[in-house]
Amino acid sequence: MTEVAAVRYPVRQRQALTCAQDDWLAQEVPVALVYNGISHVVMMASPKDLPAFAYGFSLSEGIIATPTDIVGLDVVESGQGIEVQIELSSRRFMALKARRRSMAGRTGCGVCGVEQLAEIDRPLAPLPFTRTFSFGHLDTALSQLRRFQPTGDLTGCTHVAAWMDAEGTLVAGVEDVGRHVALDKLLGRRSREAWPEGAVVVSSRASYEMVQKAAACGVEMLFAASAATQLAVQLAERCHLTLVGFCKPGRATVYSHPQRLRP
């Protein structure tokens with residue numbers, strides 16, 4: 001059975017307030033990423049795919065350069081939540097200590113691990129133009145998204161991030177109650193698994209941080225089911241990422257670098 005992160009809970013419907021029936025609620029727990037014994041960030045997340053989250057967050061935030069910079073990882077449950085205990089290489093841990101910040105994140109908001117305004121706009125190398133994609137395959141990908149949302153099917157309460165190959169087939173997907181966490185989990189899996197070249201598809205809007213995370217991990221194209229923000233588009237233009245929003249069957253809005261796209 002596909003893993004879900006949901007529990008049953010008695011609820012009442014508007015039409016029958018006196019009759020309680022069990023329904024499914026998505027789980028949401030505090031997850032602390034602890035590097036070499038020092039807690040760096042706490043995020044609210046679904047309690048599954050946490051090793052992938054650790055790798056993806058570490059890569060997209062520039063804490064590590066490659067997955068091999070993590071030399072050990074354990075997931076430890078506590079009464080307050082879950083700790084992902086990450087052992088970094090000495091070189092990477094020294095760099096992290098030099099810029100160590102601490103923050104408590106909330107589902108789907110904030111800028112992860114950033115304490116000061118000056119830290120938001122961190123430098124990103126411009127992406128190469130090595131990938132192309134035909135819009136003729138996009139509807140195929142969109143029709144497959146629900147396959148990767150077992151918790152969402154039960155609860156209606158998750159986002160999904162998926163990896164799409166050049167033919168529109170979804171190679172893998174990850175869901176979470178937070179859209180940023182779902183993307184980090186996907187990027188973490190991609191860093192450790194042999195997937196074909198392609199693009200990211202997300203079920204959410206495209207915020208600044210979603211573009212930043214994708215570009216930091218070398219993703220050239222990001223397709224979002226909802227809108228993009230002005231800041232996200234500006235960043236996508238600067239870092240040469242192709243950003244597409246309002247992806248629905250038969251439609252899409254291209255915000256930046258359309259040269260990678262074909263009809």
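## Cysteines

Cys 217 is buried, at a relative accessible area of 18%. The model is a predicted one, and a search of the whole structure returns zero disulfides. Cys 217 is accordingly in no disulfide; its nearest cysteine sulfur belongs to Cys 239 and is 12 Å away. A disulfide is a covalent bond between the sulfur atoms of two cysteines. The cut-off applied to such a pair is 2.5 Å.

Cys 247 is buried as well, with a relative accessibility of 3%. For Cys 247 the closest cysteine sulfur is again in Cys 239, at 17 Å, and this is too far for a bond. Cys 239 therefore appears as the nearest sulfur partner in the case of Cys 217 and in that of Cys 247.

## The β1–β2 hairpin

Strand β1 covers residues 6–13. The partner strand β2 covers residues 16–26, and the two run antiparallel, joined by eight bridges. The connection from β1 to β2 is a hairpin of two residues.

Val 7 is part of β1. Across the pairing, Val 7 stands opposite Leu 25 of β2.

## A nonpolar surface patch

Val 7 and Leu 25, which face each other in the hairpin, also belong to a nonpolar patch on the surface, together with Tyr 9. The accessible area of these three residues together is about 260 Å².

Val 7 has a relative accessible area of 37% and is classed as partly exposed. Membership in a patch calls for over 30% relative accessible area, so the value of 37% for Val 7 meets that condition.

## Positive phi angles outside glycine

Which residue has a positive phi of about 50 degrees although it is not a glycine? The residue is Asn 36. Asn 36 sits in the loop that runs between β3 (29–35) and β4 (38–45). With 29% relative accessibility, Asn 36 is partly exposed.

His 257 also has a positive phi, near 45 degrees, and is likewise a residue other than glycine. The loop that holds His 257 lies between β14 (251–256) and β15 (261–262). Is His 257 buried or exposed? His 257 counts as buried, because its relative accessibility is 11% and the limit for buried residues is under 20%. Both Asn 36 and His 257 are thus placed in loops between strands, with Asn 36 partly exposed and His 257 buried.

Methods: Residues numbered from 1 in each chain as written. Predicted model: local features only at pLDDT ≥ 70, side-chain atom pairs only at ≥ 80, totals over all residues. Heavy atoms only, no water. Patch = residues over 30% accessible without salt bridge, like charges linked within 9 Å, V, L, I, M, F, W, Y side chains within 5 Å. Areas by Shrake-Rupley, 256 points an atom, 1.4 Å probe, with all protein chains shown as cover. Salt bridge = Lys/Arg side-chain N within 4 Å of Asp/Glu carboxyl O. Helix = DSSP H or I, 4+ residues; strand = E, 2+ residues; numbered from the N terminus. Buried < 20%, exposed > 50% of the residue type's maximum accessible area, 1.4 Å probe, protein only. Pairing = 2+ DSSP bridges.
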